[in-house]
Amino acid sequence: TTFNNLIKAYAYAAPVRFDDAMAVQQRMGERGVVPDLTTFQLLIDTCVNAAPARFDAAMGLLHRMGEVGFAPTVTTFNKLISACVAAKPVRVEDAVDLLRRMHGAGVAPDTVTAALLNRLHKRGAVGVDGAMELLRRLVDCGVPPDVTTFNSMASACARARPVRVDDAVGLLTLMGGCGVAPTAATFNTLILACTNAKPARVQAAVKLLTQMQDAGLEQDEATANLLNRLRKL
């Protein structure tokens, strides 16, 4: 429609014309024009694209969508999560809340969702507990992260204080259930967690080394350095 075309132009203008887009929405109401799904998605785009992003306005639109019977899509949720990731400071709780809303609405996250949540973790915006929750929610929704994301999570466990050895090693089970094969880097990071623990978890490290060999993965220089550290403990 003409109204949607106007909103789209304002949403993707440089700079974004947030007030003009909202004014179009108001004119629609004055003329008795009912917004459709595209209208809501474009208005949310406007909120997310604005500088700074108008997150509260976007969430209000998400709520209104539900009130009038429109179901947000995974793309809608991803746009909102991207706004959380880009915000300064990062809107961690809002991102987690959006993931919960997705699950409640029966909207499955996709690879874009996973990539956004991985960015959230890499920015250091969430602690180990928060990152583990995000990871498990993705897995529960049938969108397993890739091996790089699992390795990043393992690294966070290995460098936490205190070291989260059990959480780190538990990632292997989670990976297996998702069909994600660990790499040499995965095992090295898990062995690092065992080495960093106080006291060191020597037996757990030996078990990981055996699992690494059983998986047909060759030890590399990093593995050798870690084993030397263990021998000195």
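**Burial, helices and cysteines in a predicted model**

User: Why is Cys84 called buried?

Analyst: The relative accessible area of Cys84 is 0%. A residue counts as buried under 20% relative accessible area, as exposed over 50%, and as partly exposed in between, with a 1.4 Å probe and protein chains only. Cys84 therefore meets the condition for a buried residue. The model is predicted: local features need pLDDT of at least 70 and side-chain atom pairs pLDDT 80 or more, while totals for chains, interfaces and linings use all residues. Residues are numbered from 1 along each chain as its sequence is written, and side-chain values use heavy atoms, without hydrogens and water.

User: How do you know whether Cys84 is in a disulfide or in none?

Analyst: A disulfide requires two cysteine sulfur atoms within 2.5 Å. A search of the whole structure finds 0 of them. For Cys84, the nearest cysteine sulfur belongs to Cys47 and is 13 Å away, and Cys84 is in no disulfide.

User: What makes a bond impossible for the sulfur of Cys157?

Analyst: The closest cysteine sulfur, in Cys194, is 11 Å from that of Cys157, which is too far for a bond. Cys157 is also buried, at a relative accessible area of 0%.

User: Why does Thr46 count as buried, and what is in contact with Thr46?

Analyst: Thr46 has 0% relative accessibility and so counts as buried. This residue belongs to helix α3, residues 37–49; helices are DSSP runs of H or I with at least four residues, strands are E runs of at least two, and both are numbered from the N terminus. Contact means heavy atoms within 4.5 Å. Neighbours within four places in sequence aside, the contacts of Thr46 include Ile7, Phe18 and Met22.

User: How do you know that the span of helix α13 agrees with its number of residues?

Analyst: The expected span is 1.5 Å times one less than the number of residues. For the 12 residues of α13 (221–232) that gives 16 Å, and the end C-alpha atoms lie 17 Å apart, which agrees.

User: Which residues of α13 are buried, and why are they said to line one face?

Analyst: They are Thr223, Leu226, Leu227 and Leu230. Viewed down the helix axis, the buried residues of α13 fall within an arc of 100°, so they line one face; the arc is that of the directions from the axis to the C-beta atoms. Glu221 and Lys232, on the other side of α13, are exposed. Among the elements covering the buried residues of α13 are α11 (184–196) and α12 (202–214).
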